Amino acid sequence: MDAIATKHVFAFEEGDGKDKKLLGGKGANLCEMTQIGLNVPPGFVISTAACLEYLDSAERQLPDGVMDEIRTQMQALEAKTGKGFGNPDEPLLVSVRSGSAMSMPGMMDTILNLGLNSETLQGEIRHSGDPRFGYDAYRRFIQLFGKVALGVPDELFDAEFAAVKQNAEVKEDLGLSASDLEEICGRFLKVVEEHTGKPFPEDPYVQLEIAVKAVFNSWMGKRAVDYRKQFNITQDMANGTAVNVQTMVFGNRGDDSATGVAFTRNPGTGENKLFGEYLVNAQGEDVVAGIRTPNSIDRLAAEMPQMAEELAELRAKLETHYKEIQDFEFTIERGRLFCLQTRNGKMNAQAMVRTSVEMVREGLITKEQALLRIQPELLEQMLFPRLDPSHRADPVAQGLPASPGAAYGIAVFDADRAEQMGKDLGQKVILVREETKPEDIHGFFASQGILTARGGKTSHAAVVARSMGKPCVAGAEGIAVDVARREAYVGDTSFREGDVITIDGTTGKVYLGEIPTVEPDFTNELNVLLGWADGVAKLKVMANSDTPDEARKALKYGAVGIGLARTERMFNDVERLPIVIEMIVADSPEQRQAALDKLLPLQRKDFRELFEVMSPRPVTIRLLDPPIHEFLPDEHQLERDLSELHQLAATTRGMAVLAGSMGLIHASDHARHDVDVMRRMVDPALVEEAIAKKQTMLRKVRALYETNPMLGHRGVRLGITFPEIYQMQIRAILEAAADCSKMGIEVHPQIKVPQVCTVQELLKVKVFVDTIHEEIKQRYGHPVSFKFGTMIEVVRACMRAESLAEEAEFFSFGTNDLTQAAFSFSREDAENKFLPLYNNSGILQDNPFEVLDVKGVGKLMQLAVEWGKSVRPDIHVGICGEHGGHPASIAFCQLAGLDYVSCSGPRVPVARLAAAHAALKDAA
Ligand code: PEP
Ligand code: MG
């Protein structure tokens, strides 16, 4: 231990507002806010370093000296406020809040009104002359402290509270009298004593120490740990929580007091207008917990005009200083406005994009800052569906539009059921709650959307759903939820668990049954923003698209070409499959050619359409790849069919014998006629023919059987053993290109060979290409311009990149197969067998099929790029595995010197922004 003890506690005036890692986001901000002159109630921060030391200590003891530092700071607070901590005449009360480097809404626990005890309570009452206020503050403190610091279940308090309310025959909490609240305090103190076996602590410093420890402990609580895991918050990003101790100010001191939460701009739409809610004569937790439905901030101007003006000033100060949308809490205590905390506002994608573009136009931030403030993954939200506008369904309830987007699913009434039905059984669910609490977080993850009967647009449900980009309707007060019966009542009707409902978080409407949804359009702002992204990005973004429809969508998403068209997907069509099967089971090259002759015009048409849609952008077509048995019927099904056909053959033979025996039988004409009809109905020759066909098929299937098909007869291996197939495809590509050129359509086809491991394979296919090209050149009278390249998806291809680059004009990394090959993990099986365990136990940090394994697969890629470029410096290099749409993997691709990434259409916007991030971070 150092001789000079480390400073662990910082007054708001002295803490470094930039040091979020040490002071937590909230604490650092409180310091910064104080130091820029906002009216912040005075307080201090206990550092995250103290938290880590505390959690590390064997007996969970606060580090040496921390309690002394706290006492010194409390004395300073006493001096600033003229009140005394534990002083019955004029008691100083404080709040104790958590706050780590990363904002985790609702994850950590807060204690209010600390410092109250039986004596200071009386002092407070004497001082304010308001017993009701005093008892109300005390009962809140006992419950919060009891729950958070002492682990007393909330329900025990709720039950006592409800009992007193019932006895007093009041509906609203505001209807409770001072003596009702006094009774509640008494009951609450008893609850604590019964549950903990000890009386409620009276000494304010004891209270404070317990509270600080409780906040520290909550860093390792299940909710916080789950949240960090879900959002991949590493120790590097946030390590430990700070504790903020702050003088209490009260929004519940009468009608000239209020409390509220607000965003400097609308977090649902991005509109440049103060957005928020407030409650007169209430405490902050009432707004956040959604216990009373608050007023829109728009009403404040009429109710408290002076305060509305000050709030507008506060908003402008916050944005000018932070250059980011702020989500802040305020309290008005007897006509004085205090800013309690502020943090960067969590917004949905639409709002992030709009505010980015508008803040650049307002000169508040630069284009680079506008791009960097949006996480690329977030853009996927903008592709969320909305309700089909042509639907005619009437809503059964109306709530607040708390998080935009529409979703349907079966109703479930608690978070555990949501997890069970949604995550474990894979059903679409809507979590329906009276109101949500932080402990419901796992239910959010498993749901399509959230519906609550109470609470406002800044209630827990709304904030969390928005940050997750899930639709949410909050405060649909027409709905009464009965969790025990798993049923909800709306007017005359009801819905039960398992019934499908639809919610529209954009309008706040709730419907029974499923309403179809439609894809949203790109907003103008998104186009502008992505245009800026393209301007700074070094990597180009192409799309993996197999059909003209997909290609059209990819274009809309801003793809600059097709990086991968999987031709086998074009074969999976009910009309084409029989021809493909005919091609596979053919006994001779001639028979195969006959089938291929039928496929050629179909493929030519496919390619022509792709070229037309994408013109003049490049279209990379991959020759057939999958194991051939994928197109054939199942062996066991064939065996079952054959066994049934054999039985039928015996029956038909019996029928023939019976028919032949009719002359010996004294049967009526009628019976003779029936036998004749039946004999003709099942023609033995037809059955025999069917048997022969099925037997041939079964022989083929068995002959083509492979133990490891993914490592078997696929890709270029197939193209070499059945050259006619690749020849047909090459012809279709080049003829389609020649046809397009003839029509004046500019095309840039690229032919890509899959699964290559040696240059000899490439050379073989190149001969097909050159021969067919020569023939087409003669026929059309001009050459077709195209590029010839290879997939790099087997380890040997990486090792032989120099040699492959002699023939290939481009490399396209197939990281799905390359990952499979590098790990020897089957890409079909790993993800639902051992990978979850590997990830959970930390053997592997990520799923390598999702997040590019930079250390292994990435190393192979870097070597291949380096070696390929050494032979052909202008070789074009890209990636077309799933990783091509994953932001962190994209950053690596830039580092490795790739020219482009190719990903599925809807990931294109994400990839464009990720490519811009990669370029900007590289330049920094
Ligand atoms: C790959 O292996 O990464 C690839 C794009 O090919 P496929 O997924 O079709 O095997
Ligand atoms: Mg592959």
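Visitor: Which residues make the nonpolar surface patch of about 290 Å²?

Guide: The model discussed here is predicted. One member of the patch, Leu658, lies in helix H23, which covers residues 635-661. Leu658 counts as partly exposed because its relative accessibility is 34%. The nonpolar patch is made by Leu658, Leu664 and Ile665.

Visitor: Is Cys339 buried or exposed, and how far is its sulfur from the closest cysteine sulfur?

Guide: A residue is called buried when its relative accessible area is under 20%. Cys339 has 2% relative accessibility and therefore counts as buried. Its closest cysteine sulfur belongs to Cys31, too far for a bond, at a distance of 14 Å.

Visitor: How many disulfides does the structure hold?

Guide: A disulfide is a covalent bond between the sulfur atoms of two cysteines. To be counted, the two sulfur atoms must lie within 2.5 Å. The number of disulfides in the structure is 0.

Visitor: What kind of aromatic pair do Phe141 and Phe200 form?

Guide: The structure holds 16 aromatic pairs. In the pair of Phe141 and Phe200, the ring centres are 5.5 Å apart and the planes meet at 90°. Planes over 60 degrees apart count as edge-to-face. The pair is therefore edge-to-face.

Visitor: How many residues apart in sequence are the parts that Phe141 and Phe200 tie together?

Guide: Phe141 is buried, with a relative accessible area of 0%, and Phe200 counts as buried at 7%. Phe141 belongs to helix H5, whereas Phe200 sits in the loop between helix H7 and helix H8. The pair therefore ties together parts whose separation in sequence is 59 residues.

Visitor: Is the pair of Phe328 and Phe330 stacked, tilted or edge-to-face?

Guide: Both Phe328 and Phe330 are buried. Their ring centres are 6.2 Å apart, with 45° between the planes. Stacked pairs have planes under 30 degrees apart and edge-to-face pairs over 60, the rest being tilted. The pair of Phe328 and Phe330 is accordingly tilted.

Visitor: What distance separates the closest N and O atoms of Glu639 and Arg702?

Guide: Glu639 lies in helix H23 and Arg702 in helix H25, so the pair ties together parts that are 63 residues apart in sequence. Glu639 counts as partly exposed at 30% relative accessibility, and Arg702 is partly exposed at 44%. A salt bridge requires nitrogen and oxygen within 4 Å. In the salt bridge of Glu639 with Arg702, the closest N and O atoms are separated by 2.5 Å.

Visitor: Which residue partners Lys273 in a salt bridge?

Guide: Lys273 is partly exposed, at 37% relative accessibility. The nitrogen and oxygen atoms of the bridge are 3.5 Å apart. The partner of Lys273 is Asp298.

Visitor: Which residues are the protein donors of the magnesium ion (ligand 2)?

Guide: The donors lie 2.0 to 2.2 Å from the ion. One is in the loop between strand E28 and helix H29 and the other in helix H31, 24 residues apart. Both of these residues are buried. The donors are Glu793 and Asp817.

Visitor: Which residues are linked with Asp817 in a network of salt bridges?

Guide: Asp817 is a donor to the magnesium ion (ligand 2). Asp817 also belongs to a network of salt bridges. The residues linked with Asp817 there are Glu568, Arg622, Asp625, Arg714 and Arg827.

Note on methods:
Residues numbered from 1 in each chain as written. Chains lettered and ligands numbered in written order. Predicted model: local features only at pLDDT ≥ 70, side-chain atom pairs only at ≥ 80, totals over all residues. Heavy atoms only, no water. Donors = N, O, S within 2.8 Å, 3.2 Å for Na, K, Ca; no water. Helix = DSSP H or I, 4+ residues; strand = E, 2+ residues; numbered from the N terminus. Buried < 20%, exposed > 50% of the residue type's maximum accessible area, 1.4 Å probe, protein only. Patch = residues over 30% accessible without salt bridge, like charges linked within 9 Å, V, L, I, M, F, W, Y side chains within 5 Å. Areas by Shrake-Rupley, 256 points an atom, 1.4 Å probe, with all protein chains shown as cover. Salt bridge = Lys/Arg side-chain N within 4 Å of Asp/Glu carboxyl O. Phe/Tyr/Trp six-rings, centres within 6.5 Å; stacked < 30°, edge-to-face > 60°.
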